[in-house]
Structure formats: C-alpha cells, structure tokens
Amino acid sequence: MAMEDDDRPRKKISHEIGQDLSLLSVEELGDRIAMLSAEVDRLREAMTKKRASKEAANSFFKS
C-alpha cells in the first residue's frame with residue numbers, strides 16, 4: 001500500500017523569534033501567526049490568573 005501525503009503526521013509547527021521567514025510559504029506564515037496568537041492568549045490568561053491569586057493573597061494578609 002502506498003502512503004498518501006495526507007496520511008503522514010504533520011511536523012509540529014515551531015517558531016524561533018528572529019528566524020528567517022523568506023523560505024516560508026504564505027500558508028506557513030498564516031499557521032505561525034495563528035499559533036503565536038494562541039500562545040499570546042494563553043500567556044495573557046496565565047497572567048490574569050496569577051494577578052488574581054496575588055490580589056487574593058494580598059487581600060487575605062491585609063485583613
């Protein structure tokens with residue numbers, strides 16, 4: 001049986017800040033933008049949770 005391209009596992013997208021982008025296709029650039037946007041959202045959510053924890057601790061110890 002011949003293996004079709006669509007059946008192969010796709011290489012995980014990774015991005016290095018400052019990386020040469022000239023060899024990437026428009027589709028690959030779009031994939032990276034989506035990946036990085038999702039990562040920014042994840043980082044913002046983590047920051048919000050940490051701020052909430054810090055505020056709760058500050059409130060508890062000020063009482």
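1. Start with the aromatic rings. In this predicted model, a search of the whole structure turns up 1 aromatic pair. Its members are phenylalanine 60 and phenylalanine 61. Their ring centres lie 5.1 Å apart, and their planes stand at 80° to each other. That makes the pair edge-to-face, because an angle over 60 degrees earns that label. Two values are quoted here because a pair of aromatic rings is described by the distance of the centres and the angle of the planes.

2. Are the two rings' residues buried or exposed? Phenylalanine 60 is exposed, with a relative accessibility of 60%. Phenylalanine 61 is exposed too, at 66%. Both get this label because the cut-off for exposed is over 50%.

3. Next, the overall fold. The protein has 1 helix and 0 strands. That helix, α1, covers residues 26–62. The chain has 63 residues, and 3% of them count as buried. The protein exposes about 6,400 Å². Carbon and sulfur atoms supply 57% of that area.

4. How many salt bridges does the whole structure hold? The search finds 2. Take glutamate 39 and arginine 42 to begin with. These residues form a salt bridge whose closest N and O atoms are 2.8 Å apart. The pair counts because the limit is 4 Å. Both residues sit in helix α1, 3 residues apart, which is about one turn of the helix.

5. Check how open this bridge is to the outside. Glutamate 39 is partly exposed, at 31% relative accessible area. Arginine 42 is exposed, at 53%. The labels differ because exposed needs over 50%, while partly exposed runs from there down to the 20% cut-off for buried.

6. Now the other bridge. Lysine 49 pairs with glutamate 45, and their closest N and O atoms are 3.3 Å apart. Helix α1 holds both residues. They are 4 residues apart, again about one turn of the helix. Lysine 49 is exposed, with a relative accessible area of 53%. Glutamate 45 is partly exposed, at 47%.

7. Look at the largest pocket. About 300 Å³ of space lies in it. Which residues line the largest pocket? They are Arg10, Lys11, Lys12, Ile13, Ser14, Leu24, Ser25, Glu27, Glu28, Asp31 and Arg32. By class, the lining has 7 charged, 2 polar and 2 nonpolar residues.

8. One lining residue deserves a closer look: serine 14. Where is serine 14 found? It lies in the segment before α1. Serine 14 is partly exposed, at 49% relative accessibility. It falls short of exposed because that label needs over 50%.

9. Finally, compare serine 14 with aspartate 31, another residue of the pocket lining. Along the chain, serine 14 and aspartate 31 are 17 residues apart. In space, their C-alpha atoms are separated by 9.8 Å. Serine 14 belongs to the segment before α1, whereas helix α1 spans residues 26–62.

Notes:
Residues numbered from 1 in each chain as written. Predicted model: local features only at pLDDT ≥ 70, side-chain atom pairs only at ≥ 80, totals over all residues. Heavy atoms only, no water. Salt bridge = Lys/Arg side-chain N within 4 Å of Asp/Glu carboxyl O. Helix = DSSP H or I, 4+ residues; strand = E, 2+ residues; numbered from the N terminus. Buried < 20%, exposed > 50% of the residue type's maximum accessible area, 1.4 Å probe, protein only. Phe/Tyr/Trp six-rings, centres within 6.5 Å; stacked < 30°, edge-to-face > 60°. 1 Å grid on protein atoms, 1.4 Å probe; cavity = no way out; pocket = protein on both sides within 12 Å on 5 of 7 lines; lining within 4 Å. Points joined across faces, edges and corners; volume = space filled by probe spheres on them. Nonpolar A, V, L, I, M, F, W, Y, C, P; charged D, E, K, R; others polar. Areas by Shrake-Rupley, 256 points an atom, 1.4 Å probe, with all protein chains shown as cover.
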